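Hi,

Here is the structure I promised to pass on. Please have a look at it first, and then read my notes below.

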Amino acid sequence: MLASKIIIPVPKIENRKFTKPLLCGPGPCDVWPSVAEALNKPILSPMCDEYFNLMADIRDSLKYLFQTKSKLVLAISGSGHSAMEATITNLIGPNETMLIATRGIWDERALNIAQRHNIKAIPFRIPFNTTFSYEHIEAELKKWKPTALFVTHGDSSTGTVQKLDGLGELCHKYGALLIVDTVVSIGGVPFLMDEWGVDAVYTSTQKVLSGPAGISPVAFSERAEEKMNNRKHQPPFYLDIKLLAQQWNCYGNTRAYHHTLCSPMLWALLQCLQEINKRTLPKFWKTHADVVGHFHKRLRQYGFNFLVPKAEDRLATVTTVVLPQGYDYLKFVKYMRENYNILIFGGLGPTAGKALRIGIMGVNATIEVADAVADGMAGTLKALTKSSL
């Protein structure tokens, strides 16, 4: 009857051929087979017992992952950026000050988000292939007396990992909260929320957790919770942690409806966490340390150089490599994909055109994968040299 009103024809969609590569960039990572299966589990109503039981299991596992006794632990519907925006906007209001320890692109993203919410954001920078000293951080805390300090633990754009032990205590000395991005570090390197005095932390599923992007765990300390309860501003409704805490039943007395979470993503997140639970954090941390140690040894044997000069500053999950002069980073990445079916990335943000970024983490944290990538990189280096003569 209404066919004559249709002005847009049915689109012609072709089934494109796709050969899945080995995902060894800085993310996303390949998924655990068990996670792929979990994505096919039943869709749940957001008000049934099974739904809340699933969220309770996730929260218990997140407390283990973050190493926190806090009750305010849940997951945001969205990628890591949604969790970044949630932590910032729930804790810091317009005209309050956020100090940003800036060494990579994610710190710049935090700056962008803060400015959009009229937060007084103050970045202080160091060379992107280094990490911050506590003396430098303390000088900035003392100067600005911020509401919070934002810092990225593991930075996938630079391949650096920032020391955090004792940083929370230093922030609290100057009345500041400590907000930490652990998207590419959690699970792959040690992280101890309560012991290190972290007040807000977020991560996401597509890195070490080896799941699909789209759901992002967060946790808040009692100090952060008190700040939220006394705030004078309203964060975005969709990201309001006080409302989400009711949906996630963080305090054991609420089963509220806020929005409809994606059931397959909840099942997948739980399975990601179960893979780490059965291995245990100490063993999984050691696995990543051993595998990256082997990978770096192989790279040195082939003559590759690292972007990050100090070994203690290098992130175990993402390695940044400098190619010899004259090599094109994009051509190198393209050759790896076309000839070895391995996907690695070039630089991003401050490292664009200056480094390769190779991620060996989560389900891919094995000696076999490390060897395949190292051999592929060596073969690519040799092939591109020959082709240029």
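**A buried threonine**

Thr 147 counts as buried because its relative accessibility is 15% (buried means under 20% relative accessible area, exposed over 50%, partly exposed in between, with a 1.4 Å probe and protein chains only). Before going on, please note that this is a predicted model, in which local features need pLDDT of at least 70 and side-chain atom pairs count only at pLDDT 80 or more, while totals for chains, interfaces and linings use all residues. Residues are numbered from 1 along each chain as its sequence is written, and side-chain values use heavy atoms, with hydrogens and water left out.

Thr 147 sits in the loop between helix 5 (134-144) and strand 5 (helices are DSSP runs of H or I with at least four residues, strands are runs of E with at least two, and both are numbered from the N terminus). Leaving aside residues up to four places away in sequence, the contacts of Thr 147 include Leu 91, Glu 96, Thr 97 and Lys 227 (contact means heavy atoms within 4.5 Å).

**Strand 3 and its partners**

Thr 97 also belongs to strand 3, where Thr 97, Leu 99 and Ala 101 point one way and Met 98, Ile 100 and Thr 102 the other way. In a regular strand the side chains alternate between the two faces of the sheet. In strand 3 (residues 97-102), 6 of 6 residues are buried.

Strand 3 runs parallel to strand 4 (residues 120-125), and 6 bridges join them (two strands pair if DSSP finds at least two bridges between them). Across from Thr 97, in strand 4, stands Lys 120. With helix 4 (residues 105-116), these two strands make a right-handed β-α-β unit (right-handed means that, with the strands pointing away from the viewer, the path from the first strand over the helix to the second runs clockwise). Strand 3 also pairs with strand 5 (residues 148-152), again in the parallel sense, over 3 bridges. There, Ile 100 has Phe 150 as its bridge partner.

**The cores**

Which residues touch the most other members of the largest nonpolar core? They are Leu 74, Leu 149, Leu 167, Phe 191 and Ile 241, in a core of 102 residues (a nonpolar core is a set of buried Ala, Val, Leu, Ile, Met, Phe, Trp, Tyr and Cys residues joined through side-chain atoms within 4.5 Å). Helix 9 (residues 263-279) gives the most to this core, with 9 residues. A second, separate core has 24 residues, among them Cys 24, Val 321, Ile 342 and Ile 344.

**An open sheet and a cavity**

Four strands form an open, antiparallel sheet in the order 11-12-15-14. Strand 11 (305-306) and strand 14 (345-346) are at the edges with a single partner strand each, so one side of each is left without a neighbour in the sheet. Strand 11 is joined to strand 12 by 2 bridges, and Phe 306 stands opposite Val 321.

Phe 306 also helps to line the largest cavity, as do His 296 and Arg 314, among others (on a 1 Å grid over the protein atoms alone, a cavity is a set of points where a 1.4 Å probe fits but cannot get out, and lining residues have an atom within 4 Å of a point). Strand 12 (residues 318-322) gives the largest share of this lining, 3 residues.

**An exposed lysine**

Lys 163, in the loop between strand 7 (160-161) and helix 6 (167-173), is exposed, with a relative accessible area of 54%.

Best wishes

Key. On a 1 Å grid over the protein atoms alone, a cavity is a set of points where a 1.4 Å probe fits but cannot get out, and a pocket is an open set with protein on both sides within 12 Å along at least five of seven lines; lining residues have an atom within 4 Å of a point.
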